[in-house]
Amino acid sequence: MSFRYLPCVLALAVLTSACSSDNDVQVFGGDTDVINSHITLNDGHVTIKMPGAPNATIDQNGQLGIDGHDVAVNDAQRALLQRYNGAARQTREHALEAGKAGVATASKALGAVAGKMTGADTAEQTKQKAEDASKDILQAATKICDDMAEMKTAQDQLAAQLDAFKPYATALNDESVAKCRKDTKR
């Protein structure tokens with residue numbers, strides 16, 4: 001019997017994000033989620049931590065706080081801040097979907113192997129079941145990359161319109177979004 005596809009499927013099943021270790025989306029059981037080494041989400045509040053700058057927070061209403069002080073923003077800037085916060089919350093939801101897809105894929109892969117071992121499935125059927133199951137993870141990971149791209153776009157627009165936000169304009173970069181997208185391609 002050949003189980004050469006099993007390691008790939010199981011490795012893919014463990015994968016809950018298609019981003020590099022520098023930019024992992026980590027969803028914890030509690031209220032705090034890490035989008036990358038600079039951005040966290042806690043109870044709907046995004047915190048951006050950049051070297052040499054005080055922490056910045058963005059709430060769901062689009063209020064920017066820097067070092068614990070609210071920053072005055074106009075309506076257009078508030079809308080961008082809400083967009084940034086919303087994309088961060090979507091990243092969390094899609095990371096949870098990816099994790100669930102990973103568990104489901106592992107279960108399907110083990111079922112396929114069991115089918116192969118019992119003779120219920122051919123090698124080709126086992127391979128096809130494993131490949132079909134892995135597609136759910138790739139779809140969820142692609143959504144995470146889309147969310148990161150949305151955050152990056154809002155980040156760039158905020159930096160262009162709001163001087164107070166400029167020190168935080170590199171929390172996400174083009175390379176991290178591109179790497180995320182590259183890692184979701186098969």
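Contact here means heavy atoms within 4.5 Å. By that yardstick, and leaving aside residues up to four places away in sequence, T47 touches H38, I39, T40, N55, A56 and T57. The model is a predicted one, so local features need pLDDT of at least 70 and side-chain atom pairs count only at pLDDT 80 or more, while totals for chains, interfaces and linings use all residues. Residues are numbered from 1 along each chain as its sequence is written, and side-chain values use heavy atoms, with hydrogens and water left out.

T47 itself sits in strand β4, which covers residues 45-48. Strands (E, at least two residues) and helices (H or I, at least four) are DSSP runs, numbered from the N terminus. With a relative accessible area of 15%, T47 is buried; buried means under 20% relative accessible area, exposed over 50%, and partly exposed in between (1.4 Å probe, protein chains only).

Next comes the disulfide, that is, a pair of cysteine sulfur atoms within 2.5 Å. Searching the whole structure turns up 1 disulfide. Its partners are C145 and C180, whose sulfur atoms lie 2.0 Å apart. The pair ties together distant parts of the chain, with C145 in helix α3 (residues 123-161) and C180 in helix α4 (residues 174-183), 35 residues apart. The torsion about the S-S bond of C145 and C180 is about -85°, so the disulfide is left-handed. Both C145 and C180 are buried.

Helix α4 has more to show. Along with C180, S176 and V177 are buried in α4. Looking down the axis of α4, its buried residues fall within an arc of 100°, so they line one face of the helix; the arc is that of the directions from the helix axis to the C-beta atoms. On the face of α4 turned away from its buried side are the exposed residues D174, E175 and K182. The N-terminal end of α4 is capped by N173, with a side-chain oxygen 3.1 Å from the backbone nitrogen of E175.

Then there are the salt bridges, each a side-chain nitrogen of Lys or Arg within 4 Å of a carboxyl oxygen of Asp or Glu. The structure holds 7 of these salt bridges. One of them joins the side chains of E150 and R83, at 2.3 Å from N to O. This pair, too, links distant parts of the chain: E150 belongs to helix α3 and R83 to helix α2 (residues 75-118), 67 residues apart. E150 counts as partly exposed at 30% relative accessibility, and R83 is partly exposed with a relative accessible area of 28%.

Helices α3 and α2 also come up in the pairing of K143 and E97, which lie in α3 and α2 and are 46 residues apart. Their side chains meet in a salt bridge at 3.3 Å, N to O. K143 counts as partly exposed at 35% relative accessibility, and E97 is partly exposed with a relative accessible area of 35%.

A further salt bridge brings together the side chains of K166 and D163, 3.1 Å from N to O. K166 is partly exposed, with a relative accessible area of 45%, whereas D163 is exposed, at 58%. Finally, K152, D156 and D174 are joined into one network by salt bridges that share partners. D174 is thus a residue seen already, one of the exposed residues of α4.

Terms used
A polar contact is a pair of N or O atoms within 3.5 Å; within protein, one must be able to donate a hydrogen and the other to accept it, and residues adjacent in sequence count only if both atoms are side-chain atoms.
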